[in-house]
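Biologist: I have a model open on my screen, and I would like to learn how to read it. Could you walk me through some features, one at a time?

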Amino acid sequence: MRNCFMTMLANTILNVQKQRLLSANHGVIPRLLSSTVSSINATAVHVTHHASSNVGSNNESQKFSRLDRMRDQLSQDSSTLHEFASSDPPQKPHRKKAPPRSSKIIPKPKWLKAAPATSPKYHELRNTVRELGLATVCEEARCPNIGDCWGGGTGSSHGELTPEEKELGIGTATATIMIMGDTCTRGCSFCAVKTSRAPPPLDVEEPNKVAEAVTKWGLDYVVLTSVDRDDLEDQGAGHFRRVVQRLKELNAGHIDIDGGKTTDSNSSIEGENKKLIVEALTPDFRGEKDLISLVATSGLDVYAHNIETVERLTPRVRDRRAGYTQSLDVLSHVKNVANNNAILTKTSIMLGLGETDDEIRIALNDLRSVDVDVVTFGQYLQPTKRHLPVKEYITPEKFEEWKVCAEEEFGFKYCASGPLVRSSYKAGEFFLKNMVRERKEKVRREASVA
């Protein structure tokens, strides 16, 4: 690098001298120019040679000095190859374990254990759902009771049901079919159902598919629920109505699955004692009363709409388009269009989200003020880490207290309350038990009058 630089410097000086001589006087004697150029060339050669000799001497001295240092270092090291090979490996540095991370997830208590889904009835229902391309909230919302509900449960002896158990509805299989697809237009903080602003279009054959599924299952009680469909003009109210009516027509034995006439002996649902009870767990339809009326007058037996939580927590727990007062208005309007006693109204409250006892009592009072008949209490369970965390696990004893409070203090016709209770959990069993109680009470009153 230094040799190149010196050569370039000499050439530059030569060119400058040439230009000065030519520009100053064109008549300068050529011998002067020639001698000057020769002198410069000689200087450049001398400089280049001197630089090369210096670089070479420096490289040689550096080379020998590094070699000498390495020889000195090796002479000072007394270890042999054998000693090196037989020596112990160096010890790894001791590292302290990091302290455990603090977790906001509260461990589940022992009473939150659901029965596994292994019964033949469960597999039968599951296969039908797959074959017909239906969706169930039991699966979509990851309900822990799917094995118990779909399996129908067992009697006290875990075998054949006694006549009394059959009368009380024990062993009745229940299923919650989710219509209008498996994708919701809302995003509640507690719900595991998929969300989208533009879900797939409705299946026009769904009313027939649902009727076929219920027929195959031989259910006594079916719960229909749906995702919110804010993307549709009527928010799916008309579709909901058609599904309920199709089930009722089929159950009455007037129309078969293909739309033809049937006789009682060939009815797909045999026997007068097997009357299908239909419960509809509906969205709020944004509080539009004409849409609520479409579903309420479809022929269903129970109109359910969940307030989910107390008023204070509603904005955090539910989608911004839902509302505590709006849900109360839905339940109130159903009673008005159904002539009060024609159908039962029902709602559900999750516990463990941070609500207080006073807030629960206020909610129960608000529900009775709009004549809601049935209320259920269940433990909120966090579906995934992306959803709201559980603030508290409520004990079974506390759930029993709320059951007594709802029925005896506030006058609900029935209250299902327990850690694993959901809005439609064992819906047929709870409903039928309550109906039997009311019938026995009516017989007792009539006997006392007579």
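Biologist: Let me begin with a helix: how many residues does H12 have, and how far does H12 reach from its first C-alpha to its last?

Modeller: Before the helix, a word on the source: this is a predicted model, in which local features need pLDDT of at least 70 and side-chain atom pairs count only at pLDDT 80 or more, while totals for chains, interfaces and linings use all residues. Residues are numbered from 1 along each chain as its sequence is written, and side-chain values use heavy atoms, with hydrogens and water left out. Helices (H or I, at least four residues) and strands (E, at least two) are DSSP runs, numbered from the N terminus. The expected span of a helix is 1.5 Å times one less than its number of residues. H12 has 14 residues and reaches 21 Å, close to the expected 20 Å.

Biologist: Which residues of H12 are buried, and what do they pack against?

Modeller: Buried means under 20% relative accessible area, exposed means over 50%, and partly exposed lies in between (1.4 Å probe, protein chains only). In H12 the buried residues include Tyr 324, Leu 328, Leu 331, His 333 and Lys 335. Contact means heavy atoms within 4.5 Å. The buried residues of H12 pack against helices H10, H11 and H13 and against strands E7 and E8.

Biologist: A lysine in that list catches my eye. Which residue does Lys 335 meet in a salt bridge?

Modeller: A salt bridge is a side-chain nitrogen of Lys or Arg within 4 Å of a carboxyl oxygen of Asp or Glu. Lys 335 meets Asp 373, at 2.6 Å from N to O. Asp 373 sits in the loop between helix H13 and strand E9, 38 residues apart from Lys 335 in H12. Asp 373 is buried, at 3% relative accessibility, and Lys 335 is buried too, at 4%.

Biologist: Are the partners in the pair of Lys 398 and Asp 357 buried or partly exposed?

Modeller: Lys 398 is partly exposed at 25%, and Asp 357 is partly exposed at 37%. Their side chains form a salt bridge at 3.0 Å, N to O. Lys 398 lies in helix H14 and Asp 357 in H13, so this pair ties together parts that are 41 residues apart in sequence.

Biologist: How many salt bridges does a search of the whole structure find, and which residues do shared partners join into one network?

Modeller: The search finds 21 salt bridges. Those that share partners join Arg 186, Asp 228, Asp 230, Asp 284, Arg 286, Glu 288, Asp 319 and Arg 321 into one network.

Biologist: Now the strands. Which residues of E8 lie on each side?

Modeller: In a regular strand the side chains alternate between the two faces of the sheet. In E8, Leu 344, Lys 346, Ser 348 and Met 350 are on one side, with Thr 345, Thr 347, Ile 349 and Leu 351 on the other, and all are buried. Eight of the eight residues of E8 are buried, so the strand is largely enclosed by the rest of the structure.

Biologist: In which sense does E8 pair with E7 and with E9?

Modeller: Two strands pair if DSSP finds at least two bridges between them. E7 and E8 pair in the parallel sense over three bridges, with Tyr 303 opposite Thr 345. E8 and E9 are also parallel, over six bridges, and Thr 347 has Val 375 in E9 as its bridge partner.

Biologist: What is the hand of the crossover from E8 to E9?

Modeller: A crossover is right-handed if, with the strands pointing away from the viewer, the path from the first strand over the helix to the second runs clockwise. Here the chain crosses from E8 through H13 to E9, and this β-α-β crossover is right-handed.
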